[in-house]
Amino acid sequence: MRLSSRPVLIGLPYLWLLLLFLVPFGIVLKISLSDVAIAIPPYVPVLDPSEGWAGITGFLSQLDFENYVWLTQDDLYWKAYLSSVRIAAISTALTLLVGFPLAYAMARAPEQWRPSLLMLVILPFWTSFLIRVYAWIGILSNEGFLNQALMGIGLIDAPLTILNTNAAVYIGIVYTYLPFMVLPIYATLEKMDGSLLEAAEDLGCTRLQAFWAVTVPLSRPGVIAGCFLVFIPALGEFVIPSLLGGSDTLMIGKVLWEEFFSNRDWPVASAVAIVLLLILVVPIVLFQRNQERSA
Amino acid sequence: MSHTEVFAPWDDPEATPLISCQDVTKRYGEFTAIERLTLDIFPREFFALLGPSGCGKTTLMRMLGGFEDVSGGRITIDGQDMAGIPPNKRAVNMMFQSYALFPHLTVWDNLAFGLKRSDMAKDQIGDRVEAMLKLVQLQKFAKRKPHQLSGGQKQRVALARALAKGPKLLLLDEPLGALDKKLRQQTQFELMDIQEKTGTTFVIVTHDQEEAMTVASRIAVMDEGRIVQVDTPGRIYEAPNSVYVADFIGDVNVIRGRVSALNGESAELNWGEGKRPIRATAGAGAVHDASGAFVIRPEKVTIATEEPTDRHNRVKGVVEDIAYLGNLSTFHVRLESGDLISAQLANSRRFANRGITWEDPVWLSWSDTAGLVLGD
């Protein structure tokens, strides 16, 4: 009984991994190596097991890297990748800039307040993400609340154009991913022993020096975790740039969507997705190593 | 051992204290943590603040370190008024109860942390760190991070780091609290050794009376924000000025009654109708015909099966309990009056056939100077 139940217990997570990750990945990889066709599904070749061995070899011989070559020939793709990396990196930096003080204030707040503050950070997740992004359109548009307020207090004469620019995308990403930055940083700051700061002061630091010498290095694992948690999804972000960004906002998520739905070119869209995955593997591996080191 | 002069600057009216607290008060809202406390601590002293939790000893230490302001009164260190001076501007270092070692720095960098922020020349910092590592015998562990050290090693790093800047005063907040008993006893002697070597004034906060007795040159026993008694360990133990101190330090038998005679050094306590008054040394607060308390340490009470007619102080009772501790045996004897008195015997022989056991009628006796009559 014990002997037979153990492999099942160990095997179950691997089975989920196989079904939910490896199989879909294999399908996308296969499609990326196929050719576009006007058919259902819209690509060839399709594996037909009834033809036996000849069918399999014939199927494999039709797969090629044509779509990946295409990605290097049209400069739209690498520009979109580069632009996505840039937008994701800038957004991550901005999120850190907003998130760190927030997490710091939460960690230093009286202990009985902390659960409520934590709840406030998580609260936006309870409403639909799409509705929250739409709400930003109402705030940032030329007749939006922000421009009305700024003109109302006489700070500006003409409305600022924020919506449909990269600035709106940054605002959207910072707003959406802020909790992912705040929570890991808060977790590291909250468990930091307060006597460390007193010890630093005791040994000759001013408050500010103690912050740089103790708080910042000790919060590093949280900062790195937060940065990856924001950077990785922001890189492939589609909804925010398509709703808040303008026509010149170039992000790979949007390109992917257009290839898939407008061009109905599944093979190229799959190739775009595979390359995006490869780009993401680098930060994910770095992230894993950071987690292991801090553990 | 050279028998030079006994170290007792507190008895020398000419000596200048290093720390002087005058009417120091600390209030948190309505709560008074320290009330009008006056205390002098002298250079090179190993001074212990001893008391139960919540007695204000930690608050007093944190005021010396600059982590709390004083609500009233004045603290001077080396003649300088400390009001408004932050911790980083005081020639005082603290060894924290949690050790507060920087987890992201190696032992070496922990020790160098304070030195790098002082005006010490860069090339001297290395020498100083090496000297501190040697002092606490951790040369081999310089490259380790705190989480790779044992509790005792962490304790020594914390001590070395606090001493690295050569402070005038070192504050130690329950420095040995996290160590197990064996290691704690060994470390107490190391602490004393290092204190002597460096000549630094140590102020230690502890709730462990044995620890205070072992390491300190003087002990301040605190209770509810006040100092009850400041004295050498010997005098705290043998001449407590109140039942509270007698009870807090070590074990003690207390018999309450009325002071029936008081002449000079000796006093008598009437403790019940028809009982022979107890004769003892007159202690603090004993007033003739007022209520008083007789206190005596268990090891000064002799237990015997026969009536010791040569002693004035002798009472009859029944052995109720025996606590065998290996080196000592403590007999808890119920007197006819109902009082419970403990008597301690050193077990100087293995399996001594003393013949005293449970329910045995016994006689307890003590000399005329073995106990104290205190005001109650």
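Begin by selecting helix 5 of chain B, residues 181–198, in this predicted model: at 1.5 Å a residue its 18 residues should span 26 Å, and the end C-alpha atoms are indeed 26 Å apart, so the expected and computed lengths agree. Colour Thr187(B), Gln188(B), Leu191(B), Ile194(B) and Gln195(B) within this helix, since these residues are buried. If you then look down the axis of helix 5 of chain B, the buried residues fall within an arc of 135 degrees, and they therefore line one face of the helix. The background to such a pattern is that an α-helix has 3.6 residues a turn, so residues three or four places apart point the same way.

Turn the view to the face of helix 5 that points away from the buried side, where you will find the exposed residues Lys182(B), Phe189(B), Glu196(B) and Lys197(B). To see what covers the buried residues, show their surroundings in chain B, which include strand 3 (46–50), helix 3 (122–135), helix 4 (151–164), strand 7 (169–173), strand 8 (201–206) and helix 6 (209–215). Before leaving the helix, step on to Gly199(B), which follows helix 5 of chain B and has a positive phi, near 70 degrees.

Staying in chain B, select two residues other than glycine that also have positive phi values. Asp23(B), with phi near 50 degrees, is placed in strand 1, residues 19–28, and with a relative accessible area of 33% it is partly exposed. Glu224(B), whose phi is likewise near 50 degrees, lies in the loop between strand 9 (218–223) and strand 10 (226–231), and this residue is exposed, with a relative accessible area of 62%.

Two arginines of chain B come next. The charged end of Arg117(B) sits over the ring of Phe113(B), 4.0 Å from the ring centre, and the charged end of Arg297(B) sits over the ring of Tyr237(B), also 4.0 Å from the centre.

Now move to chain A, for which an unreviewed UniProt entry places the feature "transmembrane region" at residues 12–33, 85–105, 117–137, 167–187, 223–246 and 266–287. Select residues 85–105 of chain A, a span that is 100% helix and 0% strand, with end C-alpha atoms 30 Å apart. For residues 167–187 of chain A the figures are 100% helix and 0% strand, and the end C-alpha atoms lie 30 Å apart.

Next, inspect two peptide bonds of chain A. The bond joining Ile40(A) and Pro41(A) is cis, with omega about -10 degrees, and Pro41(A) is in the loop between strand 1 (35–36) and strand 2 (43–44). The bond from Val44(A) to Pro45(A) is also cis, with omega near 0 degrees, and Pro45(A) is found in the loop between strand 2 and helix 2 (52–61).

Finish with the aromatic rings, of which there are 20 pairs over all chains. Among them, Trp70(A) and Tyr77(A) form an edge-to-face pair, 6.5 Å centre to centre with 70 degrees between the planes; Trp70(A) counts as partly exposed at 36% relative accessibility, whereas Tyr77(A), at 2%, counts as buried. Phe260(A) and Trp266(A) form a stacked pair, 4.9 Å centre to centre with 15 degrees between the planes, and here Phe260(A) is partly exposed at 28%, as is Trp266(A) at 23%. Extend the selection to Tyr43(A), Phe238(A), Trp257(A) and Phe261(A), which ring pairs link with Phe260(A) and Trp266(A) into a cluster.

Note on methods. Residues numbered from 1 in each chain as written. Chains lettered and ligands numbered in written order. Predicted model: local features only at pLDDT ≥ 70, side-chain atom pairs only at ≥ 80, totals over all residues. Heavy atoms only, no water. Helix = DSSP H or I, 4+ residues; strand = E, 2+ residues; numbered from the N terminus. Expected span 1.5 Å × (residues − 1). Buried < 20%, exposed > 50% of the residue type's maximum accessible area, 1.4 Å probe, protein only. Arc of directions from axis to C-beta. Contact = heavy atoms within 4.5 Å. UniProt positions renumbered as here; feature names shortened; annotations may be inferred. Phe/Tyr/Trp six-rings, centres within 6.5 Å; stacked < 30°, edge-to-face > 60°. Lys NZ or Arg CZ within 6 Å of the ring centre and 35° of its normal.
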